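Thank you all for making the time this morning. I would like to walk you through one structure, so please have a look at the sequence and the model before I go on.

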Amino acid sequence: SHKEDHSKNILNNIYDLLGEDKIQSMTSCDIWLLIEAAYCHDIGMCVSFDELKSELKKTHFGKYLDKVKANKYHELNPFVSALTADDISKLLNSPSELIELNNLFYQLLADWFRPFHGYRSETMIKDGKFGACLFYRDQAISPRLFIHLAKICSAHTKTFFDGIISDELPQFEKGLSTEKCHPRFIASLLRLGDLLDLDQGRFSPTTKEMAGEMPPSSEAHVEKHKSVERFYICPTSVELTADCPTDESYVAMADWAKWLEDELYDQYKHWHDIRPNERFSPPPALNPKRIVHIGSDYT
């Protein structure tokens with residue numbers, strides 16, 4: 001889910017990480033940036049019909065297809081390898097095969113757009129567009145702050161150093177009226193809040209039924225979220241316990257935990273270049289770090 005519930009979960013996770021006293025000490029401009037970023041960072045996942053048609057004609061999409069076709073381990077390799085006129089005609093012998101073809105094609109498009117959806121979010125905010133709708137502009141808020149909002153959203157899909165410790169995101173910036181705002185701090189919070197949205201219920205059973213057969217990588221993430229048994233966030237600790245039923249879900253959870261641990265470590269190490277002021281302590285460590293492998297069951 002990348003809907004409203006995902007955005008609310010991000011904000012709740014950030015609230016738990018900071019604590020109410022730190023939330024109360026944030027400037028109104030920082031609060032505005034944080035809420036907007038939580039609700040806007042994934043709008044790049046929305047792709048219009050005209051954009052789809054345009055993207056399929058571009059050279060780099062063709063290179064992406066060649067890359068998938070050359071990788072026999074890619075889960076969409078059999079489908080891409082069959083994308084010839086003769087093979088497609090064989091798939092269209094019945095309506096059920098047409099539905100399956102459509103499902104695989106949308107999996108391919110999702111795999112193509114997902115890696116740079118943060119950049120797409122940045123572009124859509126800067127252009128003042130959300131699909132066919134105009135992104136609102138309040139005269140009380142400087143267009144300069146929308147540019148920072150766009151870069152904050154883009155930072156959530158970049159590496160830590162490209163997204164946070166870069167000249168694009170300032171640590172301090174003039175905010176509303178006499179207030180200051182802190183784009184680098186807000187981007188850091190967004191990255192953590194997004195990573196911490198791994199509790200059970202992230203996947204909608206209804207949406208899953210409507211979408212049809214999911215690719216193996218998505219199924220592994222479904223099991224990853226379902227495997228969470230204990231989850232606790234506070235200003236001094238992040239604790240996670242999961243019992244994964246399959247090898248694939250274990251790998252997905254282990255990768256996600258490592259990603260979260262690396263993000264916490266990088267923010268801790270570079271906190272002096274992120275913090276809005278000395279009152280804000282660095283994020284906690286992932287605690288404890290313990291992975292036990294027993295047969296085919298993973299904890």
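Let me begin with a question for the room: is Trp112 buried or exposed? Before I answer, I should say that what you are looking at is a predicted model, and every value I quote has been computed from it. Trp112 is buried, its relative accessible area being 11%.

To set that residue in context, the chain contains 15 helices and eight strands, and of its 299 residues, 43% count as buried. If we take the contacts between residues at least 6 apart in sequence, 70% of them join residues at least 24 apart.

Now to the aromatic residues, where Trp112 comes in again. There are 10 aromatic pairs in the structure, and one of them is formed by Tyr64 and Trp112, a tilted pair with 5.1 Å from centre to centre and 45° between the planes. Tyr64 belongs to helix α5, residues 59-70, and Trp112 to helix α8, residues 95-113, so this pair ties together parts that lie 48 residues apart in sequence. Tyr64, like its partner, is buried, in its case with a relative accessible area of 12%. A pair of this kind with a contrasting geometry is made by Phe160 and Phe161, which are arranged edge-to-face, with 5.3 Å between the centres and 85° between the planes. Phe160 is buried at 5% relative accessible area, whereas Phe161, at 42%, counts as partly exposed. Coming back to Tyr64 and Trp112, both are members of one aromatic cluster, which also takes in Phe61, Phe113 and Phe116.

Let me move along the chain to helix α9, which covers residues 117-127 and in which His117, Gly118, Arg120, Ser121, Glu122, Met124 and Ile125 are buried. After α9 comes Gly128, with a positive phi near 75°. Two of those buried residues, Gly118 and Glu122, turn up again if we ask which residues Ser154 touches beyond its neighbours within four places in sequence, as its contacts are Gly118, Tyr119 and Glu122. Ser154 is itself part of helix α10, residues 143-155, and it is buried, with a relative accessible area of 1%.

The next region is the contact between two helices, α14, residues 216-226, and α15, residues 247-269, whose axes come within 8 Å and cross at roughly 70°. The two helices are therefore roughly perpendicular to each other. From α14, the residues Ala220, His221, Glu223 and Lys224 take part, and they meet Glu248, Ser249, Ala252, Met253 and Trp256 of α15. By character, these contact residues divide into four nonpolar, two polar and three charged. Within this set, I would draw your attention to Lys224, whose charged end sits over the ring of Trp256 at 3.5 Å from the ring centre.

I will finish with Glu20, which is placed in helix α2, residues 20-25. How far is the C-alpha atom of Glu20 from that of Pro235, given that the two residues are 215 apart along the chain? The separation of these C-alpha atoms is 10.0 Å. As for its surroundings, Glu20 counts as partly exposed, at 47% relative accessibility.

Terms used:
Residues are numbered from 1 along each chain as its sequence is written. This is a predicted model: local features need pLDDT of at least 70, side-chain atom pairs count only at pLDDT 80 or more; totals for chains, interfaces and linings use all residues. Side-chain values use heavy atoms; hydrogens and water are left out. Axes are lines fitted to C-alpha atoms, for helices over the stretch in contact, and angles run from 0 to 180 degrees between N-to-C directions. Helices (H or I, at least four residues) and strands (E, at least two) are DSSP runs, numbered from the N terminus. Angles under 35 degrees count as roughly parallel, over 145 as roughly antiparallel, 65 to 115 as roughly perpendicular and the rest as oblique. Contact means heavy atoms within 4.5 Å. Ala, Val, Leu, Ile, Met, Phe, Trp, Tyr, Cys and Pro count as nonpolar, Asp, Glu, Lys and Arg as charged, and the others, Gly among them, as polar. Buried means under 20% relative accessible area, exposed over 50%, partly exposed in between (1.4 Å probe, protein chains only). Rings of Phe, Tyr and Trp (its six-membered ring) pair if their centres lie within 6.5 Å; planes under 30 degrees apart count as stacked, over 60 as edge-to-face and the rest as tilted. A charge sits over a ring if NZ of Lys or CZ of Arg is within 6 Å of the ring centre and within 35 degrees of the ring normal.
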